[in-house]
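Grab a pencil and work through these short exercises with the structure open beside you. Each task comes with a solution in steps.

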Amino acid sequence: MLVTMKEILDHAKKNGYGVTAPNVQSEDTVRAVLEVAQEYNAPMIVDVNSFIHPDLPWFVHMIRDLANQVKVPVAINLDHGKTYKDMVLGIQSGFTSIMVDRSSLPYEENVKQTKEVVKMCTPLGISVEAELGHVGMGDNYAVDGVSNLTVPEEAARFIEETGVDCLAVAIGTAHGRYKGTPHIDFERLEQIVKACGDTPLVLHGGSGTGDENLSKAVHCGIQKVNLATELIVAGKEELVKFFEDPNFDKWKLIPTFKKGYKDRLAHYVKLFDQADKAWTK
Ligand SMILES: [Zn+2]
């Protein structure tokens, strides 16, 4: 059942659980995500980067088709839309949610450009995610982990000024692999949650952040956790074992990768209390 991301995140906020947003990059990973959603009767957000497929409208059409075949609520979100072209392509492709990432720009410019996207998407029933503060890269963690963190009062003002449906915040997570140990600023998160009222909050860079940190973040008031690296690594580890057997069954290649990816995703679905939260219309 295809729904908007706003429906899922508002439901998560109201009912106190977190939602995994796994990055997909092929039909197989999409199927893996939808299988986990069904096995755990969980609402799910499919995150798609615009660069992941040469024919994005076709790729999203395929996801929409599969999502419409399952009973659990599924949203399809354009992850890190950077340019005006990304936005238009996102709308044309049939995403039910679009992230407009202008987090590298100064505050006023971020507001201005995010507002334009909200103006385009809201009449079409497409949810909008923006980012304030900047979630950087794990391989530059010593710098990125402590700079450009979200300021609580600014976050509240940003939501008010832009009308976004949810906001990604920088509290010490980072994309990719961490060089060093992740330190999450929970005090800041608590202040952001308080300042942002009913608006759901998003955490990018879930991979490698650790169960304790992520579980605590969800309990503090994060509703969406983006995951990419860890799911791919888990799939890869299954493949490494698979190829260690010289008599491997060549027809099991894709199911082997999918198993690793799915098991890791299922781990987080359980951790975030997302299981059995699906609803029907
Ligand atoms: Zn991200």
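**Exercise 1.** Which residues does Val 48 touch, not counting residues up to four places away in sequence?

*Solution.* A word on the model: it's a predicted one, where local features need pLDDT of at least 70 and side-chain atom pairs count only at pLDDT 80 or more, while totals for chains, interfaces and linings use all residues. Residues are numbered from 1 along each chain as its sequence is written, and side-chain values use heavy atoms, with hydrogens and water left out.

Step 1: contact means heavy atoms within 4.5 Å. Step 2: list the partners of Val 48, which are Asn 23, Val 24, Leu 56, Phe 59, Ile 63, Ile 76, Asn 77, Leu 78, Asp 79 and Phe 95.

**Exercise 2.** Find the residues that touch the most other members of the largest nonpolar core.

*Solution.* Step 1: such a core joins buried (under 20% relative accessible area, 1.4 Å probe, protein chains only) Ala, Val, Leu, Ile, Met, Phe, Trp, Tyr and Cys residues through side-chain atoms within 4.5 Å. Step 2: among its 69 residues, pick Val 24, Val 48, Ile 63 and Leu 167. Step 3: look at helix α3 (a DSSP run of H or I, at least four residues, numbered from the N terminus); with seven residues, α3 (residues 56–67) gives the most to this core.

**Exercise 3.** Sort the two sides of helix α4 (residues 84–93) into buried and exposed.

*Solution.* Step 1: Asp 86, Met 87, Gly 90 and Ser 93 are buried. Step 2: they're on the same side of α4 because they cover an arc of only 135° around the axis, taken from the directions from the helix axis to the C-beta atoms. Step 3: Tyr 84, Lys 85 and Gln 92, on the other side, are exposed (over 50%).
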